[in-house]
Amino acid sequence: MAKSKSDLSDELGGVIAETINKKFKEQHFKTAYFLEGDSDAPTIVKEWVGTGSTILDLAISNRKNGGFPVGRVCEITGLEQSGKSLLAAHALLNTQRKGGLAVYIDTENAISTEYLTAIGLNLKDMLYIPLDTMEDVFEAVEVIIEKVRSSDKNKLVTIVIDSIAGASTKTEMAADFDKDGYATAKALIISKAMRKITNLIGRERICLIITNQLRQKLNAPAFSDQWTAPGGKALPFHASVRIRLSSIGAIKVKVEGHDEIVGSRVKAKLVKNRVGPPLRECEYEIYFDSGIDDYSSWLTTMKDYNLVAQAGAWYSWTNKETGEVIKFQSKDFVEKIMNHPKLKEMVYDEIAEKVIMKYQQLDSARIDEVIISNQSIDTDA
């Protein structure tokens, strides 16, 4: 029986893959993959680290229980007090909850141990590395990757660099404070570092999260993006996920008769996303004494997608399985969710169903139709 074209293609692909893997066997890792059915391919994200915001996790990964992709580079940008360091700290917290190693590389000398403890981080098990220059920062990252590869490849490691903008260079540190022309040294260093470590990270159980500041573009047209991140274009190109944070308002409560600011509302926009749909946005609340308030954004999302009905101060949610109507006020929502795990699971499933974008796929009949159409065009030509 003659082999079909697809069988011949599969056979040829297998021969090529075997040859490629033998050719590059000195690299000590597999080189050629078939992406379907080969879960070892480094481009396939197999694990995620939570951001602290369930809605942001869904927006990034476009799947349940998502977050920052392990094996990829992620960048968090924003103006001051937009919650960049906090979002990265929540990723370290969720790494510890999964039994992983949390590494915090600090270039700004601005870490608050009290705040990290308040959100739940175990500082005794968090590796803290204060460094001054970009060269030292990326050398430290390379050392961590090499140690993970040689000792415990199965241990999850999340590395936070906070921040790129706060780091200097060795040349800059040796110079005085005079203006010294175009400051391109940092961009060149980042470009070289990204070329060296991006693929290395993809082969290990490592998540690299880098925070960066925003700078206003001079003379930018009014209709264009007014902001840019320093450090050149290498990081934006190599990062699989780029999140831009912005503070959109203060949270106030009455304390002894006067208003006191206890937190802020933050909008997160995915300006780049290679693991899910880009340009999506979500909002969440930050409290200065406890970090990200995840469940407040659940209720906001439920209202946005009409998953709850509102009558004055009361909300009602209908259990689609039983028809039971559960009524509550916004101040009681978190307590109700936390005390009823089954309710929490059902609400999460409903939110995920609405937020996760469904990718369109051509069925086999449609694919055949497209192939025949293309063949006819080639024939006519």
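Which residues of H11 are buried? In this predicted model, the buried residues of H11 are Leu343, Met346, Val347, Tyr348, Glu350, Ile351, Ala352 and Val355. Helix H11 itself covers residues 341-355. Its 15 residues reach 21 Å from the first C-alpha to the last, close to the 21 Å expected at 1.5 Å a residue. Several elements help to cover the buried residues of H11, including helix H2 (54-61), helix H9 (294-304) and helix H10 (333-339). Strand E15 (314-318) and strand E16 (325-329) are also part of that cover.

These two strands lead on to a sheet. It is an open sheet of 3 strands, in the order E14-E15-E16, and the pairing is antiparallel. Strand E14 (309-311) and E16 stand at the edges with a single partner strand each, so one side of each is left without a neighbour in the sheet. From one strand to the next, the twist averages 25°. E15 and E16 run antiparallel and are joined by 5 bridges. As an example, Ser316 has Lys327 in E16 as its bridge partner. H11 packs on this sheet and touches E15 and E16, with its direction at about 85° to that of E15.

Another set of antiparallel strands comes earlier in the chain. Strand E11 (residues 258-273) and strand E12 (residues 281-287) run antiparallel, and 7 bridges join them. Here Val266 finds its bridge partner, Tyr284, in E12. E12 is also joined to strand E13 (residues 291-293), again in an antiparallel way, by 3 bridges. Ile286 stands opposite Ile292 of E13. The link between E12 and E13 is a hairpin that passes through 3 residues. When looking at such strands on screen, it helps to recall that in a regular strand the side chains alternate between the two faces of the sheet.

Helices can pack on each other too. Two packed helices are described by the angle between their axes and the distance between the axes. For helix H5 (residues 134-150) and helix H7 (residues 185-202), the angle is about 10° and the axes lie 10 Å apart. Angles under 35 degrees count as roughly parallel, so H5 is roughly parallel to H7. On the H5 side, the contact is made by Met134, Glu135, Phe138, Val141, Glu142, Ile145 and Arg149. H7 contributes Lys186, Ile189, Ile190, Ala193, Met194, Lys196, Ile197, Leu200 and Ile201. Sorted by class, the contact between H5 and H7 holds 11 nonpolar and 5 charged residues, and no polar ones.

The last stop is helix H3 (residues 84-97), where Asn94 has its place. H3 has 14 residues and reaches 20 Å from its first C-alpha to its last, close to the 20 Å expected at 1.5 Å a residue. The helix is mostly covered, with 12 of its 14 residues buried. Among them are Lys84, His90, Thr95 and Gln96, along with Leu86, Leu87, Leu92 and Leu93. Is Asn94 buried or exposed? Residues under 20% relative accessible area count as buried, and Asn94, at 15% relative accessibility, therefore counts as buried. Leaving aside residues up to four places away in sequence, Asn94 touches Val49, Gly50, Thr51 and Gly52. H3 is followed by Gly99, which has a positive phi, near 80°.

Methods:
Residues are numbered from 1 along each chain as its sequence is written. This is a predicted model: local features need pLDDT of at least 70, side-chain atom pairs count only at pLDDT 80 or more; totals for chains, interfaces and linings use all residues. Side-chain values use heavy atoms; hydrogens and water are left out. Axes are lines fitted to C-alpha atoms, for helices over the stretch in contact, and angles run from 0 to 180 degrees between N-to-C directions. Helices (H or I, at least four residues) and strands (E, at least two) are DSSP runs, numbered from the N terminus. Angles under 35 degrees count as roughly parallel, over 145 as roughly antiparallel, 65 to 115 as roughly perpendicular and the rest as oblique. Contact means heavy atoms within 4.5 Å. Ala, Val, Leu, Ile, Met, Phe, Trp, Tyr, Cys and Pro count as nonpolar, Asp, Glu, Lys and Arg as charged, and the others, Gly among them, as polar. The expected span of a helix is 1.5 Å times one less than its number of residues. Buried means under 20% relative accessible area, exposed over 50%, partly exposed in between (1.4 Å probe, protein chains only). Two strands pair if DSSP finds at least two bridges between them.
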